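Please read this briefing with the sequence and the 3D view side by side, and take the topics one at a time.

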Amino acid sequence: MKGSKSRNILPGFGLSLGFTLFYLSVIVLIPLAAVFFRTAELSWSEFWSTVTSARVIASYKVSFLTSFFAGFINAVFGLLIAWVLVRYRFPGKKLIDSLVDLPFALPTAVAGIALTAIYAPNGWIGSLLEPLGVKVAYSPIGITIALIFIGLPFVVRTVQPVLQDMEKETEEAAVMLGAYRLRTFWKVVLPELAPALLTGFALAFARGIGEYGSVVFISGNMPLKTEITPLLIMTKLEQYDYAGATAIALVMLIVSFLMLLIINLLQWRMNRRTVSD
Amino acid sequence: MAGAITVHTSEETSKRPRHITESRPVQWLLIGLALLFLGFIVLLPLVSVFVEAFKKGIGVYFDSITEPDALSALRLTLIVALIAVPVNTIFGIAAAWAISKFKFRGKNILITLIDLPFAVSPVISGLIYVLLFGAQGFFGPWLDERGIQIIFAVPGMVLATVFVTVPFVARELIPLMQAQGVQEEEAAASLGAKGWQIFWKVTLPNIKWGLLYGVILCNARAMGEFGAVSVVSGHIRGETNTLPLHIEILYNEYQFSASFAVASLLVMLAVVTLIAKSIVEWKSGQQKRAHQTD
Amino acid sequence: MKKIAQVRSVFIILALALVLAACGQGGNAPANVTNEPASSGNAANAATNDPAKDEPKPPVELLNVSYDPTRELYVDFNEAFSKHWKAETGQEVTIKQSHGGSGKQGRAVIDGLKADVVTLALGYDIDAIVEPGLIQADWQKKFEHNSSPYTSTIVFLVRKGNPKGIKDWNDLVKEGVEVITPNPKTSGGARWNYLAAWGYALKQNGGDEAKAQEFVAELFKHVPVLDSGARGSTTTFVERGIGDVLLAWENEAFLSINELGPDKFEIVYPSLSILAEPPVAVVDKVVDDRGTREVAEAYLKYLYTEEGQEIAAKNYYRPISETVAAKYADQFKALELLTIDGDFGGWKEAQTKHFADGGIFDKIYTPGS
């Protein structure tokens, strides 16, 4: 970030920032504020007992654990995919690269139905796993698979550019010092990638907690076992319990906001570090 | 976050000296693993959509995608995307300009707010507009007196889609414009160029490929959004059903082939946009190279 | 410094906007309540003046907001009614349909979906629409037979040959039997399933509620997948091949057999089931605003005519007309049926006792309570 001191000569600050803030307020902030106002209809103890009832707690557990595992698996395989796409040459690479974006574009309901059809006990893969006693659809594993699908592009697309820009010299130096390939990876490459990987993981994780469309088809929706938090919001809505629904929504909103804020601060600190180097 | 920045898988990075890359067998092992994972998680659902779509034959396939309800859903999907994408593009450019070219306090919070729709559950994204504009909502009675219908009509669906796709263009442009810095713009400004001139002549050419990629992703998401739109649509057949909702309806009517046929339509839209994206990357890569040899 | 001041002022404007939004809500809500009777009164006058004219009326549109399993029924019925109305009055009428879970649909109408008529799975959902004043409280008396033009019941759908030998409710809790039902919290049909099971257990145990609770708790332990709607459950049972028995609306069971495989499934009638009465109502506020009361009422009344009853029976709903019922006697087996009002004290009571948060249904899933 060079030349930041003399930025005043560029025009359009008031206009662009003003528009940005106005737009964000109208589209994002005011609507989200509605959740707060609606929740305010509840007394504190009502709010607390709603968001900490046994089923809701169980659903946080399901949502957070499956999102965490999905995020973790995506971090591992997302890194692998990014690595392969950036560093190696093989036929059909362009095609594979495009395939990564597909989960962004496919309607989540279609993804859910398709994944359920494949992993159900009579599906293509489910029927192979059934004799082994592995149940994928209608279990937490199924939810995790749906979330892996949803979150994969986030990891690949955050890691890819960093891997691309990584200097050959650092690795070169490690090799000169006699480090083995795997050791170079652990000691040199991975620390460099860690912030991007963490960001990708966190995004996939945050997206996973809120995902609804694809998960309801594959989860089986068993209370206390495979019931996710967004489904509970829907359930409350369908019983005309708006205040209860918005109370849970509020908890999810705050968690999402905090997670994103942490990511952005992390990113910002990292940028500062590299700039000051 | 770095955002889904445009990636140039140019030949250069793939060609590395042998001592700092893996041996060929290891490479193939890793490639194999990556492909296997992608195959199970991404490709297989894609294939199953097409297999199911053509299960009852090509006739059923074409009947289901040319049926009036499917066409009206397609039309609505296009209308929603045609409004949501340009609006978010303008926002994305403005936000990226403010964030990348100037210093101000609270920038991190602003970026976090832009990111927020990524992480908000689609269920909540729809719910908030019901809370605002529903008959029992904050503005509901006021709107009702004036006979204005927002939710369960096109405006509500546009709003929900806009909300969900807010971050795409902005997140694409911010890291790109941050990396490019401000020297070129400042040079133009010191030569006496006016604000819009600087933007059109200096900034836009620099960011156009990134911008296009952001627009493409934004569009893909706008067309495919299900959860949020489902909450505000009202599901009136032939009137407020977008393609993803129409798919759900067909599926619930046990017309599995028809539902997957319409789904395959969306997949094809996605594939077309992804191919467009590849062309964008290829062109921008080409231009970069041309630039470097200049 | 100037920049910072600018930013600050923008934030202040935003804060003001938020405060205004909050105040706007406070001011508007009561105003609506007082305005409402006046406006609907005016519209009602306009509507009653209208039919006096004899010239051909302009085409009219109705929106029927319904629940999931009525899709096929209303496709047929809407066509018949359009023809009938055209012949009767010369007016073109098109009926638009919206389908979804009963609770979700009720909520959409409350939130402003402009439905002229609602045809939902249970009276509770229509009662919910009464609350904000969209439907008059005595809706159930507006049409014959509790405003339920057709009835249905809950039956078992089993795989061909009934390999697990399921004959009655107590067979469902046998070792190794898997039962598919949607979630009573989100699906109207599932509430009928649950109440039928409850009623059976109550009768078997001489009215002992603790035993009945034990029975339904045991029953839901046999449920491996709890879909959010009736259609989802059918898909799980039929397409995914999960479970040994599907608790379903009788009409859904017939439809599944005919649409998805007559050689794969069969229907089992339990010794006791429940009389499911999916009710219909005109949404008073909407029809008065739009001036569609006459046609909306005619639409629902037509459900009670010979032709309407015939269409219902063809779509596997039990007709209430005796002549049509006699004609279709072979299709619908006579059953001992509980009723919601007679055996459960009406929907309000059943809802709070069984399905509300903290009710019996929640308890059977929460260990230790």
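What follows is a short briefing on confidence, on two of the chains as wholes, and on some strands of a third chain.

The structure is a predicted model, and its scores are an ipTM of 0.83 and a pTM of 0.84. Chain A is made up of 13 helices and 0 strands, and chain B of 14 helices and 0 strands, whereas chain C contains strands, among them β2(C), which pairs with β1(C).

**Confidence in chain C**

- For chain C the average pLDDT is 84, and 84% of the residues reach a score of at least 70.
- Residues 7-53 of chain C, however, have a pLDDT below 50, and in the model this stretch makes 25 contacts beyond near neighbours in sequence.

**Chain A as a whole**

- If you follow chain A along its sequence, the pattern you meet is α-α-α-α-α-α-α-α-α-α-α-α-α, in keeping with its 13 helices and 0 strands.
- The C-alpha trace of chain A extends over about 65 × 60 × 30 Å along its principal axes.
- Of the 277 residues in chain A, 63% are buried, and its accessible surface amounts to about 10900 Å², with 70% of that area belonging to carbon and sulfur atoms.
- Among the contacts in chain A with a separation of 6 or more, 74% are between residues 24 or more positions apart.
- Chain A carries 22 positive and 16 negative charges, and the mean positions of these two sets are 5 Å apart.

**Chain B as a whole**

- Starting from the N terminus, the elements of chain B run α-α-α-α-α-α-α-α-α-α-α-α-α-α, which reflects a content of 14 helices and 0 strands.
- Along its principal axes, the C-alpha trace of chain B covers about 60 × 55 × 30 Å.
- In chain B, which has 294 residues, 63% of them are buried, while the chain exposes about 11200 Å², of which carbon and sulfur atoms supply 67%.
- When the contacts in chain B with a separation of 6 or more are considered, residues 24 or more positions apart account for 73% of them.
- The side chains of chain B include 22 positive and 20 negative ones, and the centres of the two sets lie 10 Å apart.

**Strands β1 and β2 of chain C**

- Strand β2 of chain C, which spans residues 93-100, is mostly covered, with 7 of its 8 residues buried.
- Strand β1 of chain C, at residues 60-67, runs parallel to β2(C), and the two are joined by 8 bridges.
- Within this part of the chain, Val65(C) has Ser98(C) in β2(C) as its bridge partner.

**Strand β6 of chain C and its two partners**

- Strand β6 of chain C, formed by residues 245-249, is also mostly covered, since 5 of its 5 residues are buried.
- One partner of β6(C) is strand β4 of chain C, at residues 150-159, and these two pair in the antiparallel sense over 5 bridges.
- Another partner of β6(C) is strand β5 of chain C, at residues 179-180, and here the pairing is in the parallel sense over 2 bridges.
- Val245(C) in β6(C) is worth finding in the 3D view, as it is the bridge partner of Val158(C) and also the bridge partner of Val179(C).

Definitions and conventions
Residues are numbered from 1 along each chain as its sequence is written. Chains are lettered from A and ligands numbered from 1 in the order in which they are written. This is a predicted model: local features need pLDDT of at least 70, side-chain atom pairs count only at pLDDT 80 or more; totals for chains, interfaces and linings use all residues. Side-chain values use heavy atoms; hydrogens and water are left out. pLDDT is the predictor's confidence in each residue, from 0 to 100. Contact means heavy atoms within 4.5 Å. Helices (H or I, at least four residues) and strands (E, at least two) are DSSP runs, numbered from the N terminus. Buried means under 20% relative accessible area, exposed over 50%, partly exposed in between (1.4 Å probe, protein chains only). Accessible areas come from the Shrake-Rupley method with a 1.4 Å probe; for residues, only the protein chains shown count as cover. Lys and Arg count as positive and Asp and Glu as negative; His and the chain ends are not counted. The place of a charge is taken as NZ of Lys, CZ of Arg, CG of Asp or CD of Glu. Two strands pair if DSSP finds at least two bridges between them.
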